[in-house]
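The following exercises ask you to work from the sequence and the model, with each task followed by a solution in steps.

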Amino acid sequence: MKWKKIVIFLLIPFFAQAEQDIERRLSSVTLFSFGFNGFVAKKMPQQIIYEDVLHDKSSVLIFENIMKGGHATPEARAYAACGLWEKKEINKIYLDDSLKELQVTILKADLLTKEKLGKLILRIKLYGC
């Protein structure tokens with residue numbers, strides 16, 4: 001029984017590191033895309049990272065950290081808003097006024113566009129992703 005406690009104690013840093021790594025990867029994405037997009041019609045790597053976070057046991061905390069942290073890209077904040085909406089945590093979708101004018105690069109089908117982060121977050125809060 002004692003060895004189980006030791007194993008669990010030793011694995012805690014491993015799980016914490018994995019959680020930080022997935023948060024860091026999502027925080028640095030530079031393209032916002034859902035569904036099958038691009039010329040080849042496939043899921044973009046950014047969406048796959050988002051889906052990995054969505055299925056993580058600490059997903060709400062990770063999405064909150066990205067929304068509130070100063071290190072995340074506008075695209076990462078949009079994914080975090082989607083994740084919080086998906087997890088029914090809409091009240092945790094928060095965007096500082098200083099970030100609302102930032103541009104988000106969005107890929108829909110094979111069209112690359114830009115949109116203000118504040119406008120996109122408002123739409124996500126109302127309708128989801």
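**Exercise 1.** Determine which residue with a positive phi follows α4, and establish how far the helix is covered and whether its span agrees with its number of residues.

Solution. In this predicted model, α4 is followed by Lys-88, whose phi is positive and lies near 60°. Turning to the helix itself, 11 of the 13 residues of α4 are buried, so that the helix is mostly covered, where buried means under 20% relative accessible area. Among these buried residues are Glu-75 and Arg-77, as well as Tyr-79, Cys-82 and Leu-84. At 1.5 Å a residue, the 13 residues should span 18 Å, and because the end C-alpha atoms are 18 Å apart, the model agrees with that expectation.

**Exercise 2.** Work out the strand order of the sheet, and say which helix packs on it.

Solution. The sheet is open, with 3 strands in the order β1-β2-β3 and mixed pairing. Its edge strands are β1 (32-33) and β3 (111-116), each of which pairs on one side only. Strand β2 (residues 103-108) runs antiparallel to β3 and is joined to it by 6 bridges, and Ile-106 has Thr-113 of β3 as its bridge partner. Helix α5 (residues 117-127) packs on the sheet, touching β1, β2 and β3, and its direction makes about 95° with that of β3.

**Exercise 3.** Decide where the coordinates call for caution.

Solution. The mean pLDDT of the protein is 88, with 85% of its residues reaching 70 or more. Among the elements, helix α4 (residues 74-86) has the highest mean, 98, and helix α1 (residues 2-27) the lowest, 61. Over residues 4-16 the pLDDT is below 50, and this stretch has 0 contacts in the model beyond near neighbours in sequence. Where pLDDT is low, the predicted coordinates should not be read in detail.

Technical notes: Residues numbered from 1 in each chain as written. Predicted model: local features only at pLDDT ≥ 70, side-chain atom pairs only at ≥ 80, totals over all residues. Heavy atoms only, no water. Pairing = 2+ DSSP bridges. Helix = DSSP H or I, 4+ residues; strand = E, 2+ residues; numbered from the N terminus. Contact = heavy atoms within 4.5 Å. Axes fitted to C-alpha atoms, helices over the stretch in contact; angles between N-to-C directions. pLDDT = per-residue confidence, 0-100. Expected span 1.5 Å × (residues − 1). Buried < 20%, exposed > 50% of the residue type's maximum accessible area, 1.4 Å probe, protein only.
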